[in-house]
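Colleague: I am new to this structure and would like a close look at a single part of it. Please start from one contact and work outwards.

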Amino acid sequence: MVLVIFVILTLVTYVSALDACPKCGSMEVPYPLSTNDNCGDTRYRVICNNDILQFESAVGFQYKIISINPSVNKFVISPPLIPKNTCYASDLSLGGLKLDDNSPFNISTHNTVMLFNCTENILLSPLNCSSNSLCRHYEEKVEEGSGCRGTLCCHFLKDSAMTAHRIRVRVGGCTAYTSVVDMKSEDDIDAWNYGTELQWMPPN
């Protein structure tokens, strides 16, 4: 019995190693993530662009992959830039982050999302848009958020009751956002882990 288990584990390790894609720059690309048709599982497509590993959204925007944790089937992508002296996310023209509903990826429940430059319609939502919202700290203390200072902003924890495939921004709604992974209430702003955590369903 022990021998059988050992053989199975060896085969799984061998197959995973065989199918794993080569490094992208300094970053490992663990199975099932796939950078081309000859490695990984092509349903889990990511992009290696000039030695920078990226995730492409359903609408074609590419986000840099900051870190990968294959043991829990998760990786973190960088939030979109907010250009200096503006309050517009760089993916605003595409409606923000959108994942294909049929893809194996979804947005995890470990993301605290901050929305900026919102219209008053946002006040009808259950989001925290108060004067002590976390987004106020971002506007006041982070240079990239300074262009949003004084706008209506809100924050929320991306939980399981919300769509797991979208963080939406639009003109006439909120025009910019950022996200922090695994935020704790006692964390100082300098300790915030900026990014959006995505998770994947393991292959069948």
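Which residue forms a salt bridge with Arg 43, and how far apart are the closest N and O atoms?

Modeller: Please keep in mind that this is a predicted model. The partner of Arg 43 is Asp 41, and the closest N and O atoms of this salt bridge are 2.6 Å apart. The two residues differ in how much of their surface is open. Arg 43 has a relative accessible area of 48%, so it counts as partly exposed. Asp 41 has a relative accessible area of 12% and is buried, because buried means under 20%.

This pair belongs to a set: the structure holds 5 salt bridges. Another of them joins Arg 45 to Asp 37, with 2.7 Å between the closest N and O atoms. Arg 45 is partly exposed, at a relative accessible area of 33%. Asp 37, at 63% relative accessibility, is exposed, because the cut-off for that class is over 50%.

A further salt bridge is formed by the side chains of Glu 197 and Lys 74, at 3.6 Å from N to O. Glu 197 is part of strand β13 (residues 196-200) and Lys 74 is part of strand β6 (residues 74-77), so this pair ties together parts that are 123 residues apart in sequence. Glu 197 and Lys 74 are both buried.

Arg 45 also leads to the largest pocket, which holds about 230 Å³ of space. The lining has 14 residues, and those closest to the centre of the pocket are Arg 45, Phe 55, Glu 56, Ser 57 and Ser 103. By class, 6 of the lining residues are nonpolar, 3 are polar and 5 are charged. Strand β4 gives the largest share of this lining, with 3 residues.

Strand β4 spans residues 52-56, and Gln 54 is found in it. Gln 54 has a relative accessibility of 13% and is therefore buried, since the limit for that class is under 20%. The side chain of Gln 54 makes a polar contact with the side chain of Asn 49, at 3.4 Å. Leaving out residues up to four places away in sequence, Gln 54 touches Val 46, Ile 47, Asn 49, Gln 62, Tyr 63, Lys 64 and Ile 65.

The second largest pocket has a volume of about 170 Å³. Among the residues that line this second pocket are Leu 115, Thr 119, Asn 121, Ile 122, Arg 168 and Cys 174. Its lining divides into 4 nonpolar, 4 polar and 2 charged residues.

One last residue is Ala 20, in the loop between α1 (2-19) and β1 (21-24). Ala 20 is partly exposed, with a relative accessible area of 28%. Apart from neighbours within four places in sequence, Ala 20 is in contact with Val 29, Tyr 31 and Cys 39. Ala 20 and Asn 111 are 91 residues apart along the chain, and 28 Å separates their C-alpha atoms.

To return to the starting point, the salt bridge you asked about pairs a partly exposed Arg 43 with a buried Asp 41.

Notes. Residues numbered from 1 in each chain as written. Predicted model: local features only at pLDDT ≥ 70, side-chain atom pairs only at ≥ 80, totals over all residues. Heavy atoms only, no water. Helix = DSSP H or I, 4+ residues; strand = E, 2+ residues; numbered from the N terminus. Buried < 20%, exposed > 50% of the residue type's maximum accessible area, 1.4 Å probe, protein only. Polar contact = N/O pair within 3.5 Å; in protein donor to acceptor, adjacent residues only side chain to side chain. Contact = heavy atoms within 4.5 Å. Salt bridge = Lys/Arg side-chain N within 4 Å of Asp/Glu carboxyl O. 1 Å grid on protein atoms, 1.4 Å probe; cavity = no way out; pocket = protein on both sides within 12 Å on 5 of 7 lines; lining within 4 Å. Points joined across faces, edges and corners; volume = space filled by probe spheres on them. Nonpolar A, V, L, I, M, F, W, Y, C, P; charged D, E, K, R; others polar.
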